[in-house]
Amino acid sequence: MIALDHHPSGRHFLQIPGPSPVPDRILRAMSLPTIDHRGPEFAQLGLKVLAGIGQVFQTRGPVAIYPASGTGAWEAALVNTLSPGDAVLMYDGGQFAALWQKLALRLGLKPEFIALPGLDAETGLPNSWRRGVQAELIEQRLRADSAHAIKAVCVVHNETSTGVTSDVPAVRRALDAAAHPALLLVDTISGLASADYRHDEWGIDVSISGSQKGLMLPPGISFNAVSAKALAASKTAALPKAFWAWDEIFEMNRTGYWPTTPNTNLLYGLSEALDLLLDPATGGLEAVFARHRRWGEGVRAAVRAWGLPIQCADPAVYSPVLTGVVTPVGVDADALRKLIHQRFDLSLGTGLGKLKGRMFRIGHLGDCNDLTLMAALAGCEMGLKLAGVKLAASGVQAAMDHFAAHPQQQPLLAAA
Ligand code: PLP
């Protein structure tokens, strides 16, 4: 057993934007004995989680659950719907979009990667990584594709590397305005169950997600929510697929089973997470989204008070899941994170790809509350001061003021 209990007292603060802290209730559910995945009890669990996860994606269509990390579900979405050499339009809004594009290349697809050009005047960081997906760029490109060579448009709903959430319905409108038949594939790996997301209503063909973010589970399961159009495309899609193939999975799922051995204990956890997220007594998904929006506002109040730039430059697309904080030129954000980890046992997200060393990320997803966030902000503020960063004012004070002035709509505890 590796020594994870080295903390002399108290708990580690896992404030990265996923994996997010797992509630004790979910950990306990996952500690139950593993059961026969072909036995009668298993079908009850399978049918329950399949129905519940559909509610979270807000879809009536099928959802494939894979024993894999999010990357597996990215691959599954592509190999089930596309053929070798197909052109796909992808949008470069951050490191995860870049990794998805790399994966598409490795599969033999022809991804075209579009972005806003240039560097941002305030920070010198890529413009496109500070703003959401620009639907008009997608529309322009699709209008120019009169032969309909582009078979899919791929966008990331919540860019975990930047803290920018894109307007997915605007991307749908872009496809419709261009009267283009491409499939719409959306990565909501870090958006689902923290930020509003509606697979059916938004006209998405494949939604991709993972367990370790808003669902408050450990890493290890991922999802494809699939439209009727995507299912039809899968009948003729010629990229090689075996493990990821939807047909056998959906066939077996009808009775609550999987063709291969499912991740039984993570499914116990998923069942518990669904009970927590969908519970009408605590306000259901609407209350979940409102909580995360409010936490995002509180954290951004802190960053503004510090006088540091928020990585997301467009308030219309601030992420309710995480906030990226840009450090002043000359302050290595990774050295700062290391200092904060060593001194305060707080883990913050690193700057990924083009943002390496220039920013850190504060997660406000999954199982949080005002005080865990206040503790994380206190750790950041102490670390920034120790690193010699001149702060305009106390972000901790600003966040306390924000949370105090904006009480949570849903009562935390039942009235006595
Ligand atoms: N897409 C997004 C938006 C992510 O945040 C992540 C992981 O953090 C991934 C894809 C890749 O998922 P995984 O690391 O679970 O394979």
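These questions and answers walk through a predicted model, its ligand site, its open and closed spaces, and two backbone details.

The model is predicted: local features need pLDDT of at least 70, side-chain atom pairs count only at pLDDT 80 or more, and totals for chains, interfaces and linings use all residues. Residues are numbered from 1 along each chain as its sequence is written, and side-chain values use heavy atoms, with hydrogens and water left out.

Q: Which helix gives the most residues to the shell around the ligand?
A: A residue is near a molecule if one of its heavy atoms lies within 4 Å of it. The residues around the ligand include Gly70, Thr71 and Trp74. Helices are DSSP runs (H or I, at least four residues), and strands are runs of E (at least two), numbered from the N terminus. With three residues, the top contributor is helix 3 (residues 70-81).

Q: Which residue has a polar side-chain atom 2.6 Å from a nitrogen atom of the ligand?
A: A polar contact is a pair of N or O atoms within 3.5 Å. Ligand oxygen atoms take part in two such pairs: one lies 2.8 Å from a polar backbone atom of Gly70, and one lies 2.5 Å from a side-chain N or O atom of Thr71. The ligand nitrogen is paired with Asp187.

Q: How much of the ligand's accessible area does the protein cover?
A: Accessible areas come from the Shrake-Rupley method with a 1.4 Å probe. On its own, the ligand has 390 Å² of such area. The protein covers 86%.

Q: Why does the second largest pocket lie between domain 1 and domain 2?
A: A pocket is an open set of points on a 1 Å grid over the protein atoms alone, with protein on both sides within 12 Å along at least five of seven lines; lining residues have an atom within 4 Å of a point. Domain bounds come from an automatic or database assignment. The pocket lies there because its lining takes residues from both domain 1 (13-21 + 280-405) and domain 2 (24-278).

Q: Which helix supplies the largest share of that pocket's lining?
A: The lining has 19 residues, with Arg293 and Tyr318 among those nearest the centre. Helix 6 (168-177) and helix 10 (284-306) each supply at least two. The largest share, four residues, comes from helix 10.

Q: What is the volume of the largest cavity?
A: A cavity is a set of grid points where a 1.4 Å probe fits but cannot get out. A volume is the space filled by probe spheres set on the points, which are joined across faces, edges and corners. Tyr91, Arg131 and Glu159 are among the lining residues. The volume is about 70 Å³.

Q: Which residue does a cis peptide bond join to Gly18?
A: Omega of this bond is about -5 degrees. The partner sits in the loop between strand 1 (13-14) and helix 1 (24-30). The partner is Pro19.

Q: Which residue other than glycine has a positive phi near 60 degrees?
A: The residue is found in the loop between helix 5 (135-144) and strand 5 (150-156). Its name is His148.

How values were computed: A polar contact is a pair of N or O atoms within 3.5 Å; within protein, one must be able to donate a hydrogen and the other to accept it, and residues adjacent in sequence count only if both atoms are side-chain atoms.
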